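Load the structure in your viewer and keep the selection panel open. The stops below take the ligands in turn, then a helix pair and some backbone details.

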Amino acid sequence: MLKKLKIITYGCQMNVADSQRMAARLETIGYAPTDEFADADLILINTCSVRDSAEEKILGKIGELKQYKRRKPSLIIGVTGCMAQKEGDALIERAPHVDFVLGTGRQTELIKIVRLLESFHRHIVDVEGMSDPIVEELYTPRGTHSAFIPIMYGCNNFCTYCIVPHVRGRERSRQPQDIIREARAAVDNGTVEITLLGQNVNSYAHGFPQLLTEISRLDGLKRLRFMTSHPKDLSDELIEVMASEPTICEHLHLPVQHGSDRLLQRMNRGYTVERYRRLVEKLRAAIPNIALTTDLIAGFPGETDDDVDRLLEFVREIRFDAAFTFIYSKRSGTPAATFDDQIDDRIKHERLERLMAVQNKISREINDRLAGSTVEILVEGASKSDEKIFSGRTRTNKPVLFRHGDERAGDLIRVRITQPQTWLLKAERVE
Ligand code: SAH
Ligand code: SF4
Ligand code: F3S
């Protein structure tokens, strides 16, 4: 009999890619995906530690799973990903209905562990050796019009606020031929859009512009994206490749984090506001219509009113298409957690509100200008709230909603923007 697998994924695209790989591994020992918790024989929670709010939400979810275990004692529950790596045994102590905890570098052990647990009940924690060399597996993204392909794992940057290097280990790059093989196979299986993933793709060890060029020329690939780019390593060569390869989308996610040099330095980001400004100028000169998105942190330790003014001024100057704005969250084990000038919660929230207000207005103004224009979108499928409304994305990575006719996920179609909003565009199909 076929066994059922339910995976819940939190965090970034890297986790989404890891979940897909885990599902593929588990399929080889008879697990088929299900949407229902109650049907599952194995539930995996693939976790994120980047902010306290993420961890709180995940702990709540882990707690909820207890009821399924009570109803079906043979159910296996596993916690994987960044929080698994960070918390280890503590997760099982806190939630004994969790059967196993698997670290970020231990995915190769997944099958062995699940097999063991199928025959004997016990607790297993395997979080050692997260900086293991990469073990290549013959994995092919299938049946997905849009594929995430990791090109590197881990991070060496140690931004002072960030937990990622601590839970993902040091940077390890895959070999170009392995990545190209996987991309080729994905396209042969119907993938039209590929997103290359890494915490800092610009420091890919075997030449990112070259890799990007090779993949962009794969026959049958329509759209190529990548994330995340670190401003300190973004090269002119990369900008040239983006400008010259038509498959590469006109969008760049380039997290700046702050608009005050003093804070950028305290964050250990390795660039100045001026350097970032020059990068944006180059990008906009080389790639007309490029959409720029960013990440911003409000309330980093030591942030003064003057720093906040600089941040808001910078956001108004650059005019990002969109920004993900976060309240600084203290992560134990990181340098910033020990800084003695932490900002009061209420002030952090106030600053975030102001930042969002400024950015939302800009996003809306930029989107408003798209009204009446016709753009190509990649159809993603039914929207969350309404089956008759489908969603898609522009090459600039803006979400688009339109009334469904006969379109299928993976189709490239043309739409006219009718009603722009802050975070999305409403549109109608044109022939
Ligand atoms: N490697 C990527 C980012 C990964 S984390 C990069 O460097 O761009 C995604 C975003 O989460 C970061 O860009 C940052 O804005 C935010 N972030 C990371 N740690 C955080 C913390 N402790 N508190 C608040 N936001 C944080
Ligand atoms: Fe975190 Fe900085 Fe690495 Fe990004 S580059 S994952 S923010 S340490
Ligand atoms: Fe979260 Fe880990 Fe990604 S901490 S943001 S899931 S690398």
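Strands, as the word is used here, are DSSP runs of E with at least two residues, numbered from the N terminus. Two of them, β13 (291-298) and β14 (322-327), each supply at least two residues of the shell around ligand 1. Keep in mind throughout that this is a predicted model.

**Stop 1: ligand 1**

Select ligand 1 and show what surrounds it. The shell holds 15 residues, and the closest are Gln199, Pro255, Gln257, Asp295 and Ser329. Sorted by class, that shell around ligand 1 has seven nonpolar, four polar and four charged residues.

Which polar side-chain atom lies 2.6 Å from an oxygen atom of ligand 1? Select aspartate 295: the atom belongs to its side chain. Next, turn to the nitrogen atoms of the ligand. A backbone N or O atom of tyrosine 161 lies 3.0 Å from a nitrogen atom of ligand 1. For serine 329, a polar backbone atom is 2.8 Å from a nitrogen atom of ligand 1. On its own, ligand 1 has 540 Å² of accessible area, and the protein covers 90% of it.

**Stop 2: ligand 2**

Move the selection to ligand 2. Its surroundings include the cysteines Cys155, Cys159 and Cys162, along with Asn157, Phe158, Tyr161, Val164 and Pro165. Gln199, His230 and Arg269 are also around ligand 2. By class, seven residues of this shell are nonpolar, three are polar and one is charged.

**Stop 3: ligand 3**

Now select ligand 3. Around ligand 3 are Gly11, Cys12, Asn15, Thr47, Cys48, Ser49, Val50, Cys82, Arg168 and Gln199. This shell divides into four nonpolar, five polar and one charged residue. Keep Gln199 displayed: it is listed around ligand 3, around ligand 2 and among the closest residues to ligand 1.

**Stop 4: helices α12 and α13**

Hide the ligands and show residues 273-286, helix α12, together with residues 305-318, helix α13. Their axes come within 12 Å and cross at roughly 10°. Since angles under 35 degrees count as roughly parallel, α12 is therefore roughly parallel to α13.

Display the side chains at the contact. From α12, pick Val273, Tyr276, Arg277, Val280 and Arg284; they meet Phe314, Glu317 and Ile318 in α13. The contact residues are five nonpolar and three charged, with no polar ones.

**Stop 5: backbone details**

Which peptide bond is cis, with omega near 5°? Select methionine 227 and threonine 228: the bond runs from the former to the latter. Threonine 228 sits in the loop between β11 (223-227) and α10 (236-244).

Finish at asparagine 268, in the loop between α11 (261-266) and α12. Asparagine 268 has a positive phi of about 60°, although it is not a glycine.

Notes:
Residues numbered from 1 in each chain as written. Chains lettered and ligands numbered in written order. Predicted model: local features only at pLDDT ≥ 70, side-chain atom pairs only at ≥ 80, totals over all residues. Heavy atoms only, no water. Axes fitted to C-alpha atoms, helices over the stretch in contact; angles between N-to-C directions. Helix = DSSP H or I, 4+ residues; strand = E, 2+ residues; numbered from the N terminus. Parallel < 35°, antiparallel > 145°, perpendicular 65-115°, else oblique. Contact = heavy atoms within 4.5 Å. Nonpolar A, V, L, I, M, F, W, Y, C, P; charged D, E, K, R; others polar. Near = heavy atom within 4 Å. Polar contact = N/O pair within 3.5 Å; in protein donor to acceptor, adjacent residues only side chain to side chain. Areas by Shrake-Rupley, 256 points an atom, 1.4 Å probe, with all protein chains shown as cover.
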